[in-house]
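Work through the following exercises with the sequence and the model at hand. Each task is followed by a solution in steps.

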There are 2 protein chains.
Amino acid sequence: MQLKVKILRFIAGRPISILDEETAVKLNVHIGERISIFKDHHKIISVIDISKSGFLNPGEIALSNEIISTLNISEGDIVDIGLAEKPESVILIKKKIDGGKLMDSEIRNIITDIVTNAITEAEIAYFVSAVYQHGMDSRETESLIRAMVSTGKQLHFNGNVVDKHSIGGIAANRTTPIVVSICAAAGLIMPKTSSRAITSAAGTADVIESIAKVEFDIEEIKNIVKKTNACMVWGGSLGLSPADDKLIQVERILNLDPKAQLLASVLSKKISVGSRHVLIDIPFGSSAKVSRSEGLILKKDFEKFAKKFGLNLRCVLTEGDEPIGRGIGPLLEIRDVINVLKRDENAPKDLEGKAIFLAGQIFELCGKSEKGEGEKLAGAILDSGKAFEKFRQIIETQQGRVPSAKEIESRLGIYRKDIISEKAFKISSIDNKKMNLIGSIAGSPMDKGAGIFLYHHVGDNVEKDAKLVTLYAASPARLKSAFDLFKKSAPII
Amino acid sequence: MQLKVKILRFIAGRPISILDEETAVKLNVHIGERISIFKDHHKIISVIDISKSGFLNPGEIALSNEIISTLNISEGDIVDIGLAEKPESVILIKKKIDGGKLMDSEIRNIITDIVTNAITEAEIAYFVSAVYQHGMDSRETESLIRAMVSTGKQLHFNGNVVDKHSIGGIAANRTTPIVVSICAAAGLIMPKTSSRAITSAAGTADVIESIAKVEFDIEEIKNIVKKTNACMVWGGSLGLSPADDKLIQVERILNLDPKAQLLASVLSKKISVGSRHVLIDIPFGSSAKVSRSEGLILKKDFEKFAKKFGLNLRCVLTEGDEPIGRGIGPLLEIRDVINVLKRDENAPKDLEGKAIFLAGQIFELCGKSEKGEGEKLAGAILDSGKAFEKFRQIIETQQGRVPSAKEIESRLGIYRKDIISEKAFKISSIDNKKMNLIGSIAGSPMDKGAGIFLYHHVGDNVEKDAKLVTLYAASPARLKSAFDLFKKSAPII
């Protein structure tokens with residue numbers, strides 16, 4: 001069928017054609033399907049989008065810039081279109097759904113098509129679902145990690161390059177900025193890339209972004225690390241294991257987290273950023289991502305695959321039965337971090353203890369400290385003020401500024417509500433998942449000042465009429481939604 | 001976070017918000033995810049789309065008409081947006097992925113969200129995948145059929161209402177227009193809705209569309225049936241079992257066809273259209289959709305569920321080892337149909353025989369004929385010319401006209417190529433799947449005159465230099481692609 005081209009000049013990141021609804025019905029094509037577009041003797045495969053807005057007339061087609069330039073098309077040109085064969089990776093995804101094993105080259109084919117946008121979200125969903133249902137064996141997992149690394153960029157740093165990762169799920173728990181500052185102050189190289197919130201109320205990138213820039217290109221990151229030994233940036237725009245970013249988007253639709261993809265996600269990022277010594281924090285508990293026994297299995301898997309790629313990796317299982325620190329939400333969390341770094345009396349002891357523990361583990365892992373001596377060194381660096389100085393240097397190099405307590409206070413959500421205990425009781429649990437959800441509903445991480453401040457931890461005796469938490473939000477509607485959810489879900493028992 | 005509304009006036013069929021890419025990155029939201037939009041004290045959940053075309057500035061948001069009218073928004077208004085909770089059906093899909101059983105109300109919830117566009121294609125892909133992996137038990141399948149019927153419209157006709165359906169997969173095989181004409185000429189009511197091509201080169205709706213209109217609304221269809229006893233229309237725009245149409249879109253991405261959904265698809269359409277007596281044609285064979293043993297199991301399932309919904313249903317297993325008829329492609333197929341109806345000497349005998357068999361089965365099923373007498377009656381009606389008269393009446397009532405042989409010839413693709421046998425041989429097989437694919441590549445069903453004309457069937461002795469097929473296409477590029485694929489895939493052995 002012949003259609004007339006209307007030039008709209010849009011860059012879709014892949015070849016996209018827009019048809020009006022009437023034409024799409026006639027051609028029996030649907031959003032996300034593919035057509036071949038023929039012009040003269042050239043052909044390109046394009047994914048379809050359908051417009052109902054009336055800017056196209058029947059018989060017209062709008063083509064993304066990728067197609068316009070490849071086929072050398074002008075406004076009003078006539079193109080011939082037809083149904084297209086599916087890319088091979090779609091057939092491979094079908095094979096995996098049917099329980100087949102994928103070869104190294106087949107996994108690379110799928111991952112390449114994910115990175116180049118050659119396959120759609122629904123097709124990626126079928127892939128994620130297949131891996132979730134059938135798992136991946138060791139050989140497939142290894143291929144997945146290799147494909148995810150090789151389809152992205154890679155960094156290399158000289159020196160003792162260390163890294164940490166938490167599998168997440170715990171509310172607050174903002175140890176990373178403290179650990180990075182201690183390690184970098186000790187002379188280790190720590191080019192830390194972090195995610196934004198995935199399942200929690202805020203990710204490390206969201207938290208740092210409340211006081212500094214977190215989006216840089218590869219060259220800028222090299223300069224930041226050269227100057228300060230470290231960085232604390234968002235990993236999403238760097239092109240390190242870009243397949244991982246896409247897979248996570250589709251996984252989070254159903255909160256699926258197939259183990260092979262969790263392993264590949266973490267390890268591909270660490271390999272790509274050039275880390276040599278990697279500490280993995282696996283918090284376990286009833287409202288954490290994994291139970292203790294699942295955590296132990298995961299630890300073995302991480303260690304097995306790290307060895308195949310020459311990473312010196314250690315996993316630590318940590319208690320994850322309640323939030324760590326007092327603030328949940330970007331500015332509330334950065335306040336906790338700063339209080340620990342500047343040795344303020346209001347610093348949350350649990351956060352401080354965990355950060356010292358993790359930094360100590362890294363010191364021992366990379367040979368900076370003898371076995372059993374790491375925490376002592378980490379604590380000394382923290383007490384000396386060198387970690388705080390290093391933190392300030394990194395933040396300023398990332399075009400930010402460490403705010404005063406007063407400044408933070410003034411930037412917190414102006415709509416606030418204290419939640420008061422209706423009776424005297426001893427706290428037996430604080431649910432991470434519920435706390436994260438309440439924090440999100442309050443506006444975190446989009447509103448940097450939104451979130452929850454916790455007055456108590458598990459084991460505390462709370463009196464009647466005492467404050468349990470304060471909710472912060474940027475609008476009354478948000479505050480009300482968060483308050484209603486707190487009352488309904490009862491996260492503190 | 002607060003954003004400024006830009007009014008674009010687009011009707012998306014569901015609440016859609018468009019953000020520019022920079023804003024989307026800041027909010028850490030992706031295409032297909034949901035946000036809550038707050039204005040005053042009202043809130044609406046919207047799916048996100050992201051524009052890279054620069055028509056939105058950072059900090060702006062475009063909202064579909066569904067949102068504009070619900071929240072009563074004007075150009076330049078400020079709305080507050082945040083992450084939204086997932087709809088309950090997404091949680092139910094997760095339950096099914098994990099192997100859980102779905103309750104009647106839960107299936108209804110998912111199907112309702114599919115029909116109202118409340119869930120995305122990737123989410124539907126997860127649902128299809130879950131049903132494909134875990135199947136559905138009898139209770140779930142029954143609930144699925146009921147939900148698909150009740151979320152759509154339903155038709156009711158007086159009289160002896162009959163229907164037929166082929167599970168498809170065979171190239172050409174255009175029995176439907178002949179069977180409908182014979183049955184309607186015999187006084188039966190046959191409101192036949194058909195699909196466009198799904199896996200074959202053309203669907204019945206595509207074929208009829210080459211000489212008449214096939215898109216009507218419910219009232220128009222009632223009038224056509226009242227006047228002619230029958231219709232031959234496209235089922236897609238009628239709102240009969242609309243969930244089926246959406247599910248098929250997502251299934252065909254990977255050509256998944258989970259049995260529960262196949263059963264529900266066919267039966268929900270037949271129940272919705274008001275059929276009482278239904279004949280199901282199950283072609284089996286090596287290049288058909290099912291083997292003989294799979295066909296027998298499917299037959300039992302169809303009969304079991306039909307009984308639950310009070311349908312008088314019969315399944316016939318037919319040989320599906322090669323295309324039936326000579327033409328593959330809309331006009332080539334309608335030529336075969338017309339030749340059979342007007343008792344032309346060029347009429348393909350296999351197509352004629354199968355149509356008489358199916359019509360005879362329907363006569364016996366609905367009590368029009370005694371057992372064993374159906375084919376005789378069907379053949380007599382065909383020979384009498386009454387079926388051709390009825391066909392002409394239906395086509396004309398559907399605003400079409402029955403063309404002469406000469407007219408059809410003049411409308412066939414002008415780019416043609418004969419494929420010549422390179423040696424003398426006896427044909428042992430003609431692959432349906434390959435033939436369908438070659439027909440599609442040639443331009444069918446979009447180009448009505450494109451397709452394949454077959455000179456021989458299985459068992460024929462072909463001499464050296466004899467014609468095997470003629471390919472028809474609307475452009476030289478199409479003709480070449482189809483020719484290359486024919487040579488590469490060798491569909492005739």
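**Exercise 1. Helices on a sheet**

Determine which strands of chain B helix H14 lies across, and describe the sheet to which they belong.

Solution. In this predicted model, helix H14 (residues 349–365) of chain B lies across S7, S10 and S11 of chain B. Its angle to S10(B) is about 145 degrees.

Next, take the sheet itself. It is open, has 3 strands in the order S7-S10-S11 (chain B), and is paired in parallel. Its edge strands, each pairing on one side only, are strand S7 (162–166) and strand S11 (312–319) of chain B. On average, neighbouring strands of the sheet are turned by 20 degrees against each other, direction ignored.

Then look at one pair of strands. Between S7(B) and strand S10 (residues 277–284) of chain B there are 5 bridges, in the parallel sense. Within this pair, B:Asp281 of S10(B) is opposite B:Ser166.

Finally, add helix H12 (residues 292–308) of chain B, which packs on the sheet and touches S10 and S11 of chain B. The direction of H12(B) makes about 170 degrees with that of S11(B).

**Exercise 2. The surroundings of a strand**

Identify the strands that are bridged to S6(A), and decide whether S6(A) is largely enclosed.

Solution. Start with strand S1 (residues 2–7) of chain A: 3 bridges join it to S6(A), and the two run antiparallel. On this side, A:Gln2 has A:Asp80 as its bridge partner.

Continue with strand S3 (residues 34–39) of chain A, which is joined to S6(A) by 4 bridges, again antiparallel. Here A:Asp80 stands opposite A:Phe38.

Now consider burial. Strand S6 of chain A covers residues 78–83, and 5 of its 6 residues are buried, so the strand is largely enclosed by the rest of the structure.

**Exercise 3. The two copies and their contact**

Find the operation that lays chain A on chain B, then characterise the side of chain A that touches chain B.

Solution. A turn of 180 degrees with a shift of 0.0 Å along the axis lays chain A on chain B, with an RMSD of 0.0 Å. The copies are therefore related as by a two-fold rotation axis. Among the residues of chain A, A:Ala122 comes closest to the rotation axis, with its C-alpha at 2.0 Å.

For the contact, chain A contributes 43 residues and chain B contributes 43 residues. Two or more residues on the side of chain A come from each of S6, helix H3 (88–97), helix H5 (121–134), helix H10 (242–254) and helix H19 (476–489) of chain A. H5(A) gives the most, 8 residues. By type, this side of chain A holds 21 nonpolar, 13 polar and 9 charged residues.

Last, compare the two sides: 100% of the interface residues of chain A are also interface residues in chain B, so the copies meet through the same surface.

**Exercise 4. Domains and one residue**

List the domains of chain A, and state whether A:Asp245 is buried or exposed.

Solution. The domain assignment divides chain A into domain 1 (2–83), domain 2 (88–135), domain 3 (162–236 + 266–397) and domain 4 (412–489). The centres of domain 1 and domain 4 of chain A, taken over C-alpha atoms, are separated by 50 Å.

A:Asp245 belongs to helix H10 of chain A. Count its neighbours: 21 other C-beta atoms lie within 10 Å. The threshold for a buried residue is 20 or more, so A:Asp245 is buried. Its C-alpha atom is 9.3 Å from that of A:Ser195, 50 residues apart along the chain.

Definitions and conventions: Residues are numbered from 1 along each chain as its sequence is written. Chains are lettered from A and ligands numbered from 1 in the order in which they are written. This is a predicted model: local features need pLDDT of at least 70, side-chain atom pairs count only at pLDDT 80 or more; totals for chains, interfaces and linings use all residues. A residue is buried if 20 or more other C-beta atoms lie within 10 Å of its own, exposed if 12 or fewer, and partly exposed in between; C-beta atoms are placed from the backbone. Two strands pair if DSSP finds at least two bridges between them. Two residues are in contact if their C-beta atoms, placed from the backbone, lie within 7 Å. Ala, Val, Leu, Ile, Met, Phe, Trp, Tyr, Cys and Pro count as nonpolar, Asp, Glu, Lys and Arg as charged, and the others, Gly among them, as polar. Axes are lines fitted to C-alpha atoms, for helices over the stretch in contact, and angles run from 0 to 180 degrees between N-to-C directions. Domain bounds come from an automatic or database domain assignment. Copies are superposed by least squares on the C-alpha atoms of residues with pLDDT of at least 70 in both.
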